[in-house]
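Trainee: Before we discuss the ligand and the domains, could you put the sequence and the model in front of us?

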Amino acid sequence: MTEEIEQELIEENEVVSLEILDDGVARLTIERESALNALNVETLLSLRDAIIDCAESEDVKVVILTGSGDKAFVAGADIAEMKDMTPLEARDFSHLGQDTFATIEACPKPVIAMVNGFALGGGLELAMACHLRVASSKAKLGLPETSLGLIPGFGGTQRLAQLAGAGVAREWILSADMFSAEEAHRVGVVNRLADPENLEAETFELARTLSSRGALAMKTANEVVRLGLEVGQSEGEASESDNFALLFSNEEAREGLKAFTEKRKPNW
Ligand code: CAA
């Protein structure tokens with residue numbers, strides 16, 4: 001797809017909204033409630049664009065990503081759009097989803113998925129590309145692709161195995177079952193559970209806590225964890241030492257350490 005066509009699609013479709021709230025917390029909402037926020041090409045392009053905006057904005061410290069309405073976070077890739085795809089189009093679609101989710105994972109600001117309902121297929125893959133997940137206790141999660149004769153195509157085969165181990169990944173993918181938020185929490189797919197009526201408050205509380213932490217330290221931590229998953233323990237630890245050392249050359253750590261010894265909050 002050419003850059004020109006991508007740009008036109010982004011301008012014509014307001015399928016992702018961005019609000020920047022107090023304390024540097026940005027809220028990105030996928031606005032396709034009538035299709036349970038399913039991910040079509042336009043939505044993936046808009047999402048990628050919105051994440052880049054958040055990454056570049058000096059006003060944003062933490063991003064919360066969610067779906068509109070109270071029924072679904074995201075119910076998967078758009079099945080209507082996939083129905084007539086050729087194999088080559090399906091590969092491009094998979095690459096677009098993977099690239100969008102890699103952009104989220106590489107975002108220098110922490111990204112929290114606020115899982116307000118169904119997170120299925122590409123929706124769960126999206127939540128897993130975020131750095132943290134807070135789920136409503138009524139949410140249902142799963143990778144139902146094999147029930148459609150497919151496999152996950154937006155990174156799910158890899159990220160679920162990383163988060164919960166190969167045994168859980170195989171069970172979820174092969175069975176295509178939906179799992180409760182409680183089960184997802186038990187196996188490590190979800191970080192925190194909240195009652196539906198407290199989901200927003202608890203997610204925003206977590207976001208505000210993160211916005212008070214060292215921004216460069218959080219960015220570096222996310223990068224080192226990611227790298228370790230790709231290269232293994234010894235190279236991961238080498239990168240940990242290098243990055244630990246590098247932070248001492250920055251004002252953020254100088255101020256953080258000084259503030260502790262002076263019994264005050266850091267002034268970042
Ligand atoms: N794609 C496109 N449209 C979708 C959708 C999807 N993934 N999921 C739901 N919708 C649409 C429905 O077609 C329906 O639209 P209409 O009102 O125009 O008919 C609307 O959203 C509401 O959905 P339902 O009527 O089905 O709502 P429900 O409460 O009966 O069921 C549900 C909810 C169990 C989530 C059901 O919608 C469902 O099973 N959705 C599909 C889930 C799925 O299989 N996701 C994986 C997609 S494949 C994938 O993601 C591949 C990949 O990895 C890249």
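**The ligand and the two domains**

Mentor: Of the 23 residues around the ligand, those that come nearest are Lys-71, Ala-77, Gly-122, Glu-125 and Glu-145, where a residue is near if one of its heavy atoms lies within 4 Å of the molecule. This is a predicted model, in which local features need pLDDT of at least 70 and side-chain atom pairs count only at pLDDT 80 or more, while totals for chains, interfaces and linings use all residues. Residues are numbered from 1 along each chain as its sequence is written, and side-chain values use heavy atoms, with hydrogens and water left out.

Trainee: How many Å separate the polar side-chain atom of Lys-71 from an oxygen atom of the ligand?

Mentor: A polar contact is a pair of N or O atoms within 3.5 Å. A polar backbone atom of Ala-75 lies 2.9 Å from a nitrogen atom of the ligand, and a backbone N or O atom of Gly-153 is 3.1 Å from an oxygen atom of the ligand. For the polar side-chain atom of Lys-71 and a ligand oxygen atom, the distance is 2.6 Å.

Trainee: What percentage of the area that the ligand exposes when taken alone does the protein bury?

Mentor: Accessible areas come from the Shrake-Rupley method with a 1.4 Å probe. Taken alone the ligand exposes 980 Å², and the share of it that the protein buries is 62%.

Trainee: Which three residues supply 59% of the area that domain 1 buries against domain 2?

Mentor: The domain assignment gives domain 1 (2-211) and domain 2 (215-261), and the two bury about 570 Å² between them, buried area being the accessible area (1.4 Å probe) lost on being put together, summed over both parts. On the side of domain 1, the three residues that supply 59% are Glu-105, Pro-108 and Gln-162.

Methods
A polar contact is a pair of N or O atoms within 3.5 Å; within protein, one must be able to donate a hydrogen and the other to accept it, and residues adjacent in sequence count only if both atoms are side-chain atoms. Domain bounds come from an automatic or database domain assignment.
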